[in-house]
Amino acid sequence: MIRLHNIEVSFDLGGGQEHTVLKNLSLEVERGQTVSVIGSNGAGKSTLLNAIAGTVPVRAGKIFLDDSDVTPLPEWARAMYVGRVRQDPLAGTAGDMTLLDNLALAYRKGPRRFRIATPPKFAREMADKVAELGMGLEDRLRENVSRLSGGQRQALTLLMAILSRPSVLLLDEHTAALDPANAEIVGELTRRFIAEFNLTALIVTHDMKRALEQAGRVVMMHEGEIIADLSGAEKEKMDVAGLVRLFKKVRGAEYAEDRDLLI
Amino acid sequence: MIEGILVEGLIYGILALGVFVSFRVLDFPDLTVEGSFPAGAAAGAIVASSLSLSPNAFAKALAVPAGMLAGFVAGGVAGFVTAAVYHRLKVPPLLAGIVTMTGFYSINLRILGGKPNLPLITNNPMLKLARSFMSGILSPEWSLLASCILICLVLFGLLDLFFHTEIGIAMGALGDNENAVIQAGIQPNRLRAWGIMLANALPGLSGAMAAAYQGFADVNLGQGVVAAGLATVMLGELVVHSQFIGVQLARVFIGSIIFRALMYAARSWGYVAGITPNDLRLLTALLIIVSVAISRYGRKHR
């Protein structure tokens, strides 16, 4: 469960100037709910995820994950609740370590112990998990991650993000850097994992078609604010053209082009 | 001659293990070693030599292990200082290392009782034990080598085991991708601090052994050891390619023995080419440059 209460994020531009990226933003996501977040470039979508994960501090407001107030916690401590995949396939894995070592790192959150990390039993368990990705990686557990393709590496990152069953899954355009075929595969895996483990997920995407398909709720952002929040019947009726119309209407600017929202 | 090279290679190989941990595992360019190595030498020499003069038989028996432990701990303390300066004050790694190294010059002088040099000629329990360790079976020189091999094997085994534990894996990931470690819910700075302490405790132990081997502890023992350690690590990487941590640890010793052999050759036969002992530092620097050049060239053409 995610609860954001009037959060505000701003960056210091220097010289006494600052840029407010999130303005007085509130959002509530129930347990097991999947929410797509769409909006033009600079709308604050990524900053929203960064604020939840603790990558950027909030200037005001409160953040609750699973009913705990995590606002004062640093990123590593909030990671106890959060699984995360970013756009860059290199971001979530250690490339110069084996798949097995990476999985051992992600298997459990929190402080480490003086215990062999990858005993044979663990390796067998991981081989089964990795086989579910359907990429043949189960035979490559002792290879370094840097040898994987972008799609394989992102699928592994996704698996690592959900391995410890986090309360919240944050996906930041995690298929945008992949070729269409791999984007489709990783997108499908995402749907499957979310359904299978009933995860609470926030998915940032530029792909409005996918945004509508993958989630029961769509949140549209613009200039640091949520300008539309569609769910239930309202969301079911919506199509891509409808989203664009809605965007133009709410934004109220004549020069708004489809491109602003789509790209 | 050969046993001398091997002994030196093993003793300084432990130093290079520390350099490997900081530069390679943690990706933390740490110059603290120039202070932690002589700190280990000073602490080890003082503790071992004073305990061996103790009238208490128990204390006397502990002189050697206590001396080695003192070197290890002294190095670790130096590493702790660097980690604290780096994390608390957010200064770059190089500066944090320089600060500690500079401060430890004075601390090392104090450990040595205000003198820059402590001779161990008459009272050197560590060397004495190492040389008599296999008396009757081996000559003192080879007995010394056997004890060095034993210590290095134990260290190698422990480190290899450590880097297969959860903590060791997290430490390896930290130098590779800090974000992956943060996502695992691990406090990265604390983990790095332990790593930096390990990366200096090993040179501390190496310093204690080196002081015993040379027969004196000296505050200037640390000069140039980072470069020598780096050259060692790079030589090893040049000779053996592997992604396995066990092989990576073992090749540090291989690199160290090659490095010491090259230095020995330069000292013994360098006069043919006009090389004097004064040129050894230049040789070390050239060795690093050549190693980097070869590995760069090799990577491009692989």
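How many bridges join β6(A) to β7(A), and do these strands run parallel or antiparallel? In this predicted model, the two strands run parallel and are joined by 4 bridges. One place to look for this pairing is A:Arg84, which stands opposite A:Leu170 in β7(A). With that pair located, the rest of the sheet can be followed strand by strand.

The sheet is open and has 6 strands, placed in the order β6-β7-β8-β3-β9-β10 of chain A, and its pairing is mixed. Its edge strands are β6 (82–85) and β10 (225–231) of chain A, each of which pairs on one side only. From one strand to the next, the twist averages 20 degrees. Both senses of pairing can be found by eye. On the parallel side of the story, β7(A) pairs with strand β8 (residues 200–204) of chain A over 5 bridges, and A:Val168 has A:Thr200 in β8(A) as its bridge partner. The antiparallel sense appears where strand β9 (residues 217–222) of chain A meets β10(A), a pairing of 6 bridges. There, A:Val219 stands opposite A:Asp229 of β10(A).

Strand β7 deserves a second look. Which way do its residues point, and are they buried or exposed? A:Val168, A:Leu170 and A:Asp172 point one way from β7(A), while A:Leu169 and A:Leu171 point the other way, and all are buried. This fits a general pattern: in a regular strand, side chains alternate between the two faces of the sheet. Because 5 of the 5 residues in β7 (residues 168–172) of chain A are buried, the strand is largely enclosed by the rest of the structure. Strand β7(A) also takes part in a right-handed β-α-β unit, together with helix α6 (residues 180–196) of chain A and β8(A).

Stepping back to the whole chain, the secondary structure of chain A comes to 10 helices and 10 strands. Its C-alpha atoms fill a box of roughly 60 × 40 × 35 Å along the principal axes. What radius of gyration would a compact globule with 263 residues have, and what does chain A have? The expected value is near 18 Å, and chain A, with 19 Å, agrees with it. Of the 263 residues in chain A, 43% count as buried. Contacts can also be sorted by how far apart their partners lie in sequence: of those in chain A between residues at least 6 apart, 67% join residues at least 24 apart.

A helix offers another example of burial. In helix α3 (residues 99–107) of chain A, 8 of the 9 residues are buried, so the helix is mostly covered. Among the buried residues of α3(A) are A:Leu99, A:Asp101, A:Asn102 and A:Ala106. What covers them? The cover includes α4 (120–131) and α5 (150–163) of chain A, together with α8 and α9 of chain B.

That last detail leads to the contact between the chains, which takes 26 residues from chain A and 20 residues from chain B. On the side of chain B that touches chain A, the elements giving two or more residues are α8 (166–176) and α9 (178–183) of chain B. The largest share of this side, 7 residues, comes from α8(B). Sorted by class, the side of chain B that touches chain A has 9 nonpolar, 9 polar and 2 charged residues.

Conventions:
Residues are numbered from 1 along each chain as its sequence is written. Chains are lettered from A and ligands numbered from 1 in the order in which they are written. This is a predicted model: local features need pLDDT of at least 70, side-chain atom pairs count only at pLDDT 80 or more; totals for chains, interfaces and linings use all residues. Two strands pair if DSSP finds at least two bridges between them. Axes are lines fitted to C-alpha atoms, for helices over the stretch in contact, and angles run from 0 to 180 degrees between N-to-C directions. The radius of gyration is taken over C-alpha atoms; the globule rule is 2.2 Å times the number of residues to the power 0.38. A residue is buried if 20 or more other C-beta atoms lie within 10 Å of its own, exposed if 12 or fewer, and partly exposed in between; C-beta atoms are placed from the backbone. Two residues are in contact if their C-beta atoms, placed from the backbone, lie within 7 Å. A crossover is right-handed if, with the strands pointing away from the viewer, the path from the first strand over the helix to the second runs clockwise. Ala, Val, Leu, Ile, Met, Phe, Trp, Tyr, Cys and Pro count as nonpolar, Asp, Glu, Lys and Arg as charged, and the others, Gly among them, as polar.
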